[in-house]
Amino acid sequence: MKRLSGKVALITGAARGQGRAHAVRLATEGADIIAFDSCGAFKSTNYDPSTPADLEETARLVEAQGRRVVWRQLDARDFSAVKDLVVEGTRELGRLDTVVVNHGICHYGYTWDVTEENWDEVISVNLTSVWKVLKAVAPYLMGQGQGGSIVVTSSVAGVRGQPFLAPYVASKHALVGLTKTLANELGQHRIRVNTVLPGGVKTPMAGFDWNGEKGESNPFAGELNKPEIAATLGPIFMNALAEKWMEPEDVANTVAFLASDESKFITGAEFPVDCGSTAR
Ligand SMILES: NC(=O)c1ccc[n+]([C@@H]2O[C@H](COP(=O)([O-])OP(=O)(O)OC[C@H]3O[C@@H](n4cnc5c(N)ncnc54)[C@H](O)[C@@H]3O)[C@@H](O)[C@H]2O)c1
């Protein structure tokens, strides 16, 4: 018996990166999958968007595990589309047990240089649309009456003042608070809500391609070579472990644990998967 046999998991931002790793890992654990991704460009990002072909490949990888998958190209900012997918996905797969709200975008700039348009886009994707997904799934999980596990992807930027990332940091901090509030509200229904705080993960958001080769999506990386910046900001980028970058599957390991009954008494908690970044 696998850890998630007979369960159904919904994963957002599933076309690639961590979302794909979560979909494949939870399928490996026995879960059927509801997956969606917007697969489109954002004005605030400087890295390539995912594509419908990426999402289709995630679906293929889930099916290769012998699991069923319902997948759609849709944007989490579209509340009624998310709600419709919850209805369709649960009708087809029978139930819902785990929700991994993983989608997000990243924008770089000094706080005072961020445009209103970029601020609004990052907050609407990373915070408001995460709330919309939670708003769409919570009634279903409560109505089902069999508990559940929700995992929200924040970041080390959800507990640290990472420079050059103001709207990202603000949104990811907000997700930590949102997670705790929802954990308190849903505890009476035995629905657990936790957040993972990844450090650097080898995905296109961080400038890595599919071979794990580094491009560079952080235009401020070179700034650290300036002595005054290195002296003031350098330490925030240091980890306790020697590694700087992890694989998406390293985060998926923690998500699988939080989805499973092995974590049945854990709720409202933050899980850094960060090579010890937040230990600093
Ligand atoms: N890569 C890192 O170093 C890192 C570190 C900490 C946290 N994170 C977080 O991990 C999560 C996954 O990111 P990733 O590294 O896999 O990046 P990624 O860019 O490879 O994948 C993110 C996916 O989310 C999708 N997405 C974005 N906005 C969406 C929306 N409104 N509706 C539906 N789909 C949407 C994108 O299309 C993309 O396919 C994000 O929340 C990110 O902020 C990433």
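A residue counts as buried when its relative accessible area is under 20%, as exposed when that area is over 50%, and as partly exposed in between. These terms are applied here to a predicted model, beginning with one of its strands and moving on to the ligand and the aromatic residues.

**Strand β6 and its surroundings**

Strand β6, which spans residues 191-198, is mostly covered, with eight of its eight residues buried. The cover extends to both faces of the strand: Ile-191, Val-193, Thr-195 and Leu-197 are buried on one side, and Arg-192, Asn-194, Val-196 and Pro-198 are buried on the other. Strand β5, made up of residues 148-153, runs parallel to β6 and is joined to it by six bridges. One of the residues that can be followed across this pairing is Ile-150, whose bridge partner in β6 is Val-193.

Ile-191 belongs to strand β6, and because its relative accessible area is 1%, under the 20% limit, Ile-191 is classed as buried. Ser-155, by contrast, is placed in the loop between β5 and α5, although Ser-155 is buried too, with a relative accessible area of 7%. These two residues are 36 residues apart along the chain, and their C-alpha atoms are separated by 22 Å. Within the loop, a polar atom of the Ser-155 side chain lies 2.8 Å from the backbone nitrogen of Ala-157.

A further residue to set beside the strand is Leu-178, which is found in helix α5 and is partly exposed, its relative accessible area being 22%. Leu-178 and Thr-195 stand 17 residues apart in sequence, while the distance between their C-alpha atoms is 9.6 Å.

**The ligand and its shell**

There are 33 residues around the ligand, and those that come nearest are Asp-37, Asp-75, Asn-102, Tyr-168 and Thr-203. By residue class, the shell divides into 15 nonpolar, 14 polar and four charged residues. Several polar atoms of the protein approach oxygen atoms of the ligand, and the following table sets out three such contacts.

| Residue | Protein atom | Partner | Distance |
|---|---|---|---|
| Arg-16 | polar side-chain atom | oxygen atom of the ligand | 2.9 Å |
| Ser-50 | polar side-chain atom | oxygen atom of the ligand | 2.9 Å |
| Asn-102 | polar backbone atom | oxygen atom of the ligand | 2.7 Å |

Taken alone, the ligand exposes 830 Å², of which the protein buries 97%. The elements that contribute two or more residues to the shell are helix α1 (17-28), strand β2 (32-37) and helix α5 (166-186). Helix α5 is also where Leu-178 is found. Asn-102 appears both among the residues that come nearest to the ligand and in the contact made through a polar backbone atom.

**Aromatic residues**

A search of the whole structure finds six aromatic pairs. In the pair formed by Tyr-110 and Trp-112, the ring centres are 4.7 Å apart and the planes meet at 15°, so the pair is stacked, given that planes under 30 degrees apart count as such. The two partners fall into separate accessibility classes: Tyr-110 is partly exposed, with a relative accessible area of 22%, whereas Trp-112, at 66%, is exposed because this value is over the 50% limit. Both residues belong to one aromatic cluster, which they form together with Phe-164 and Phe-220.

Methods. Residues are numbered from 1 along each chain as its sequence is written. This is a predicted model: local features need pLDDT of at least 70, side-chain atom pairs count only at pLDDT 80 or more; totals for chains, interfaces and linings use all residues. Side-chain values use heavy atoms; hydrogens and water are left out. A residue is near a molecule or strand if one of its heavy atoms lies within 4 Å of it. A polar contact is a pair of N or O atoms within 3.5 Å; within protein, one must be able to donate a hydrogen and the other to accept it, and residues adjacent in sequence count only if both atoms are side-chain atoms. Accessible areas come from the Shrake-Rupley method with a 1.4 Å probe; for residues, only the protein chains shown count as cover. Helices (H or I, at least four residues) and strands (E, at least two) are DSSP runs, numbered from the N terminus. Ala, Val, Leu, Ile, Met, Phe, Trp, Tyr, Cys and Pro count as nonpolar, Asp, Glu, Lys and Arg as charged, and the others, Gly among them, as polar. Rings of Phe, Tyr and Trp (its six-membered ring) pair if their centres lie within 6.5 Å; planes under 30 degrees apart count as stacked, over 60 as edge-to-face and the rest as tilted. Buried means under 20% relative accessible area, exposed over 50%, partly exposed in between (1.4 Å probe, protein chains only). Two strands pair if DSSP finds at least two bridges between them.
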